Amino acid sequence: MEGIEHRTVQVNGVNMHIAEKGQGPLILFLHGFPELWYSWRHQITALASLGYRAIAPDLRGFGDTDVPDSPTSYTCLHVVGDLIALLDAIAPDQDKVFVVGHDWGAYLAWLLCLLRPDRVKALVNLSVPFMPRNPQRKFIESMKAVYGDDYYMCRFQEPGVMEAEFAKLGTARVMREFLTYRNPGPLFLPKDKMFGHPPDAPIVLPSWLSEDEVNYYASKFEKTGFTGALNYYRNLDLTWELTAAWTEVQVKVPVKFIVGDQDLVYNSLDAKDFIHKGGFKKYVPLLEEVVVMEGVAHFINQEKPDEISKHIHDFIVKFH
């Protein structure tokens, strides 16, 4: 990508790869699963041209960042710790920065704002709304109770199992399956029928995703494997334990939330009711805007890159 610079920053003993472009107020872009800094390629260029310093790391376990061996090194406290250390290293002069998250990156951005609101000027989150901690039941137990063992988060729990199934499909095929997924409902991955069609069924790429782009993702996951990325899901219960002290705490930073109406997250776990009927605003009192984009699925920042860049800019420009 033209003009985007790449370097490695050491944070908490992890060599973290970052992509950056531009000068000005810093925007920290946080990617999801199964993704990389590369998911923000369009926004990095757009926001840099509008006078911002756009920074997108590969999170620990992904891409060109280190993949810690310990399976318990992927709790939200580890990752939020990485982000704070990264900001200290690359922007010691900026007390507060703008944050933009998608998917897992959105979940982590919520936690960053919960744990360190003093470091965030404003947040634009895509796809995943704030999820209040349920003190009565661990996270994965809750998922199993609602959707059963074939729900993707439950299927990801057993070390080695999904890695073997992904290997059988092939990394490029796995990337194509996830990036083109458009079923507006919970994602189930039953063994041997993972995406609801035969593993050799042709997948036509949408206009917003090229073969080269899929191959970029595949080349990075071919190198790292999927274990680091899957370990985020495997630490959801440990994160649940570690964040007990923040039960019922509100997110107190200004927020804009954007989701596609075809997004699997929007169509799962009663998300629509939570977002539109007062629950979201209760936990995020400074929620200023909710945007639902029609006909758009989960990978919203890649499917509608120009619109998302404009949405980000229109919101953060108010906080200079």
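In this predicted model, helix 4 (residues 139–147) offers a pleasant starting point: its buried residues are Phe139, Ile140, Ser142 and Met143. These residues cover an arc of only 155° around the axis, which places them on the same side of helix 4. The pattern has a simple geometric background, as an α-helix has 3.6 residues a turn, so residues three or four places apart point the same way. The cover over the buried residues of helix 4 includes helix 5 (152–155), helix 9 (227–234) and helix 10 (236–242). Just beyond the end of helix 4 comes Gly148, with a positive phi of about 85°.

Stepping back to the whole protein, the fold contains 14 helices and 8 strands. The C-alpha trace spans about 50 × 45 × 40 Å along its principal axes. For 320 residues, a compact globule would be expected to have a radius of gyration near 20 Å, and the 18 Å of the protein agrees with this. Of the 320 residues, 57% are buried. Among contacts with a separation of 6 or more, 78% join residues 24 or more positions apart.

The surface and the charges complete the picture. The protein has an accessible surface of about 12800 Å², and carbon and sulfur atoms contribute 52% of that area. Charged side chains comprise 32 positive and 41 negative charges, and the mean positions of these two sets lie 4 Å apart.

Note on methods. Residues are numbered from 1 along each chain as its sequence is written. This is a predicted model: local features need pLDDT of at least 70, side-chain atom pairs count only at pLDDT 80 or more; totals for chains, interfaces and linings use all residues. Side-chain values use heavy atoms; hydrogens and water are left out. Helices (H or I, at least four residues) and strands (E, at least two) are DSSP runs, numbered from the N terminus. The radius of gyration is taken over C-alpha atoms; the globule rule is 2.2 Å times the number of residues to the power 0.38. Buried means under 20% relative accessible area, exposed over 50%, partly exposed in between (1.4 Å probe, protein chains only). Contact means heavy atoms within 4.5 Å. Accessible areas come from the Shrake-Rupley method with a 1.4 Å probe; for residues, only the protein chains shown count as cover. Lys and Arg count as positive and Asp and Glu as negative; His and the chain ends are not counted. The place of a charge is taken as NZ of Lys, CZ of Arg, CG of Asp or CD of Glu. The arc is that of the directions from the helix axis to the C-beta atoms.
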